[in-house]
Amino acid sequence: MRYAIVGAGLAGLTAAWELSRLDKDAQIEVFEATDRIGGKLFSVPFDGGPVDLGAEAFLVRRPAARELLDELGLSDHVVGTTGRHSTVYTAGEMKDLPGRTVMGIPATSEPVAHLVSAETAARIDAESDAEPVDWAPGEDRNVGRLVRERFGDDLADRVVSALLGGVYSCTADDLGLRATVPQLAAALDDLSAAGQKVTLTGGVKAVFEQRQRQAAEAKAASWRGQQEAAGEGEQPKKPAPIFGALSGGMRELYEALAEQSGAQIYLDAFVSGVLYAAPRRAAGNPERNTGEFQLVGAGDGTYDRVILATPAPTTARLLRDVCPEAYQTLGTVKLASSVVVGLHVDSDEGLPDNSGVLVAADEPGVRAKAFTFSSKKWAHLAERGGLTLRASFGRFGGDALVRAEEDDLVDWALDDLQTITGFDARAAGVSEIFVQRWYGGIPRYDEHHLGTVAAVRAQVARVPGLDVAGAWAGGVGVPAVIADARACAARMTGGGAA
């Protein structure tokens, strides 16, 4: 079977690796329009070692990334955070990032009282007595609008948008609840289905209760495993960290996928279209249709299977001839751009002892949306000496900032850092700078996004031998992209994954 994969980011490379595992006779070719593999994973070679200026970490509790790293032989390279806390900059001060919230949405005012007005705190505590949320199970709703209606503007701007903005490069007003905080949407579903009063605080409480049950079950399972290990003469393992990174940078992941997949990978190979021929019966399997596809602009001859692992607008364009319905549907997805300024400073003396700072969406006079103090967050980076940090700019609709001159971005990063923390990086000695722009780096996961994805999947499924993968389809984050790409490869080979 001959496979073509368009896109050599995490989704495309994971799909290639999984195809090679499921189909031992697979001939796999991957076409990447740029001059490098990895997509939104990008380890930059600083003098002291690689620094990630794309996705830098993954949630360890989500099994997809952990399992793949085990299978690739990289599990020993996983490192956890130092445990230092992050902060939020609001009203001209760095304040503790609130605990006991679901992406900034609390069950009571206590965790966020230091960040919001007394009026908002009172609204939070009285929300359970207010009129219920008119919620239908399965629906999605705009996060910002819902939070503003129930609690007020300052919680949406200072807390929820700050937290969501660091992940999705959007404010809460550009995002859907189910698309970005699915556990809370599911809790509201359960309240509605049970005929109980639906409130945001009630939903958050239900999420916390579920987390407590899951933690207790995990603790019990861990205890049993440690007892079994001790009985076999093995040392019990330390608890897994919440967030993990790779000691050699995320390049270890995308390079291992490329190498172990055995795929032929073509760089600077711009695919401008996909043409679909009439279906034919697969050899030896008269019940399964396959197709013959031809790539426009790259590749040679025809392919039995094609996976499009590209951003939503690119995927839409590639679907224009082969699946016109999906081309129309997917064309509605918008992208958010961002830029990361990576810096190495000779000394961190005087910098607050935190892992980073998020900036409230309503904070005037500050252009950066977040700073990650990487060498305080990750011990393996601290061992290199000095300070490694990342300044992030750009939210949906703010492309002008992302397109600014490099010198301006660096100056804004240094100025904002001093404004927020009091730390003068110029005086401490800036020794390395790298600016990475992510044009259209992430989809806008608004309240219509999941419906769009479901429609596109259904439309593409009608074309035998064609499938799609990527963050726009599977969700944000390394584990989500990996799980989606592996499921896509399983469908391609008849492996049965949905």
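**Entry 1: strand β17 and its neighbours**

I began at V306, which stands opposite L466 in β23. This is a predicted model, and I kept that in mind for every entry. I then looked up how the two strands run: β17 and β23 (residues 466-468) are parallel and joined by three bridges.

Next I asked which strand is joined to β17 by four bridges. I found β1 (residues 2-6), which also runs parallel to β17. One pairing I noted here is V6 of β1 with L308 of β17.

Are the faces of β17 covered or not? I checked both sides of this strand, residues 305-308, and found them covered. R305 and I307 are buried on one side, while V306 and L308 are buried on the other. That fits a handy rule: side chains in a regular strand alternate between the two faces of the sheet.

**Entry 2: helix α9**

I moved on to α9, which spans residues 251-261. Its buried residues are E252, L253, Y254, A256, L257, A258 and S261. I reminded myself that an α-helix has 3.6 residues a turn, so residues three or four places apart point the same way. Just after α9 I came to G262, and its phi is positive, near 70°.

**Entry 3: the nonpolar cores**

Which residues have the most contacts inside the largest nonpolar core? I found I5, L253 and V478, in a core of 47 residues. Elements that each supply at least two of its residues include β1, α1 (10-22), α9 and α19 (478-493). So two elements from my earlier entries, β1 and α9, turn up again because each supplies at least two residues of this core, counting helices and strands as DSSP runs.

I followed V478 a little further. Leaving out residues up to four places away in sequence, V478 touches L10, L41, A55, A57, F58, A65, M250 and L253. I also noted a second, separate core of 44 residues, with V102, A185, V198 and I442 among them. As a general point, nonpolar side chains in soluble globular proteins tend to be buried together.

**Entry 4: the cavity**

How many cavities of 30 Å³ or more does the count give? I got one, with a volume of about 90 Å³. Of the 13 residues that line this cavity, D52, E56, W378, H380 and L381 are the closest to its centre.

I then looked at which elements give two or more residues to the lining, and these are β4 (49-52), β11 (243-246) and α13 (379-382). The largest share, three residues, comes from β4. I closed by sorting the lining by type: six residues are nonpolar, five are polar and two are charged.

Note on methods
Residues are numbered from 1 along each chain as its sequence is written. This is a predicted model: local features need pLDDT of at least 70, side-chain atom pairs count only at pLDDT 80 or more; totals for chains, interfaces and linings use all residues. Side-chain values use heavy atoms; hydrogens and water are left out. On a 1 Å grid over the protein atoms alone, a cavity is a set of points where a 1.4 Å probe fits but cannot get out, and a pocket is an open set with protein on both sides within 12 Å along at least five of seven lines; lining residues have an atom within 4 Å of a point. Grid points are joined across faces, edges and corners, and a volume is the space filled by probe spheres set on the points. Ala, Val, Leu, Ile, Met, Phe, Trp, Tyr, Cys and Pro count as nonpolar, Asp, Glu, Lys and Arg as charged, and the others, Gly among them, as polar. Buried means under 20% relative accessible area, exposed over 50%, partly exposed in between (1.4 Å probe, protein chains only). Two strands pair if DSSP finds at least two bridges between them. A nonpolar core is a set of buried Ala, Val, Leu, Ile, Met, Phe, Trp, Tyr and Cys residues joined through side-chain atoms within 4.5 Å. Contact means heavy atoms within 4.5 Å.
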